[in-house]
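Grab your favourite viewer and work through these exercises at your own pace. Try each task before reading its solution.

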Amino acid sequence: MKDHPPNNSDETSGNREAEVVLSASAPGKRRSKAEVVSEDNHASHREELHDRKIEQLRQMFDRHKGNRHLILLQDFPDPDALSSAWAYKLIAEQYDIQCEMIYAGALSHQENIALVKLTGLPLQRWTLEMTKTKDLSAYQGCVFIDNQGTTCNLTEFILGAGVPIAAVIDHHSLQGEMNADFTDLRPEIRATATIFTEYLQAGMLTLDGNVSQHVKCATALMHGLRSDTNALRQAEEEDFLAAAYLSRFYDPQLLNAVLQSSRSKWVMDAIERSLKHRILQNNFSIAGIGYLRYDDRDSIPQAADFLVTEENVHTAVVYGIVHDKDEEIEVVIGSLRTNKLTLDPDEFIKEAFGQDAQGRFFGGGRSQAGGFEIPVGFLSGGNENSDYARHKWEVFDAKIKHKLLNLISPKDNPVYDH
């Protein structure tokens, strides 16, 4: 999941004939007519690209009429992914395409659980073992939404079974070449929900405020958009326009019920541990919180959200070892949150942790947020021996701190001070 710097394109005055106009981003600064014309041309080009994508999407659906699609979400789907996948499913139904929305991991964030339960969002969990028992020949296409397969444990198996990629729709930068029938990657957009709302506005599906499923999907999209733009504080023009459109259909009371879901005991415990074990260096807060249950994986980003609010901290990184009992594997999972506009989470995480033997990055990010997953591999398990478990954690904790501090303060690394 490459992040992108804010798109600071200025809005222009409605008076296109004026020789100079005031800049919306810098009040009082005047711009020439040539600059205004240049912005108009840019906007026209963007609209042209948008119209072309919509037509390509229609053509893809036409080619797949009567098919069945698998919508693959990241192992720990967030509101942006959940809502966008639901929108794809509803649009596809207009073309007699039946879709199943699947994920391999867990819903552990309280808001995600509430979203699925309160809206009846049609989501299915497929473990890798379960997937191996499925007749995948029944599916004529798979779809990656809000991801590009790198954060989905099912990707390799499903593609290996010969299921072709029908579509990849994401707001993260290209993670690797994917041979898809339709691709729409827009890293300049803050949320995949914004992209899908644009599809709706273009008439791919006519929302009806009297149709319960449409209202619930619009509410989910509003939540996804809100979530990935930090409650619209990081939203761009396209995101605001999408939110304005969704405001005609969504249910504010339903959204409020989702947002008011309580933090679990496990989340509070993770926050407590992150406070206890954090180290502060150059306005970074870094915390390793030890071992977590697989179902509590989403407590890691919530702890990072909390740490970044501390005074004189602009970036927080929280990580721990998560044990997946179903697959009998352990993974180091971490989250980064930042309010420093000049720090690109995608570049930072990729530089810190690099790539695996297949050339896939261990992590990435988007604007002001990122994450990483590093397999424990050969050292997995054996945690019933407390000494072994402690030593294993100490090794991984020291190594991750070393990687991070080499970027944060390479000349003053307290972990490996030569």
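The exercises below go through strands, cysteines, a helix and some backbone angles, each with a worked solution.

A word on conventions first. This is a predicted model, in which local features need pLDDT of at least 70 and side-chain atom pairs count only at pLDDT 80 or more, while totals for chains, interfaces and linings use all residues. Residues are numbered from 1 along each chain as its sequence is written, and side-chain values use heavy atoms, with hydrogens and water left out.

**Exercise 1. Find the partners of strand β3 and trace the chain from β3 to β4.**

Step 1. Locate the strand: β3 covers residues 68–72, and four of its five residues are buried. Two terms are needed here. Buried means under 20% relative accessible area, exposed over 50%, and partly exposed in between (1.4 Å probe, protein chains only). Helices (H or I, at least four residues) and strands (E, at least two) are DSSP runs, numbered from the N terminus.

Step 2. Look for pairing, which requires that DSSP finds at least two bridges between two strands. With β4 (residues 98–103), β3 shares five bridges in the parallel sense; leucine 72 has isoleucine 102 as its bridge partner there.

Step 3. Follow the chain: it leaves β3, passes through helix α2 (residues 79–93) and arrives at β4, in a right-handed β-α-β crossover. Right-handed is the label when, with the strands pointing away from the viewer, the path from the first strand over the helix to the second runs clockwise.

Step 4. Now turn to β6 (residues 141–145), which runs parallel to β3 and is joined to it by four bridges. Here isoleucine 71 faces valine 143.

**Exercise 2. Continue from β6 to β7 and β8, and say why β7 is described as largely enclosed.**

Step 1. Four bridges link β6 and β7 in parallel, with phenylalanine 144 opposite valine 168. The connection runs through helix α5 (residues 155–160), and this β-α-β crossover is right-handed.

Step 2. Check burial: because six of the six residues of β7 (residues 165–170) are buried, the strand is largely enclosed by the rest of the structure.

Step 3. Move on to β8 (residues 180–185), parallel to β7 over five bridges. Aspartate 170 and leucine 185 stand opposite each other.

**Exercise 3. Explain why cysteine 142 is not bonded to cysteine 152.**

Step 1. Set the criterion: a disulfide is a pair of cysteine sulfur atoms within 2.5 Å. A search of the whole structure gives zero of them.

Step 2. Compare the distance: the closest cysteine sulfur to that of cysteine 142 belongs to cysteine 152, and at 9.1 Å it is too far for a bond.

Step 3. Add the surroundings: cysteine 142 is buried at a relative accessible area of 0%, and cysteine 152 is buried at 7%.

**Exercise 4. Describe the six-stranded sheet and identify its edges.**

Step 1. Write down the order: β9-β10-β11-β12-β14-β13, an open sheet with mixed pairing.

Step 2. Find the edges: β9 (279–281) and β13 (363–366) each have a single partner strand, so one side of each has no neighbour in the sheet.

Step 3. Look inside: β11 (residues 315–324) and β12 (residues 329–338) run antiparallel, joined by 10 bridges, and glycine 320 is opposite isoleucine 333.

Step 4. Pick one residue of β10 (residues 284–293), serine 285. Serine 285 is buried, at 0% relative accessible area. Beyond its neighbours within four places in sequence, its contacts (heavy atoms within 4.5 Å) include Leu307, Val313 and Thr315.

**Exercise 5. Compare two residues that have a positive phi without being glycine.**

Step 1. Aspartate 146 has a phi of about 65 degrees and sits in the loop between β6 and α5.

Step 2. Asparagine 282 has a phi of about 50 degrees and belongs to the loop between β9 and β10.

Step 3. Set their accessibilities side by side: aspartate 146 is buried at 1%, whereas asparagine 282 is partly exposed at 44%.
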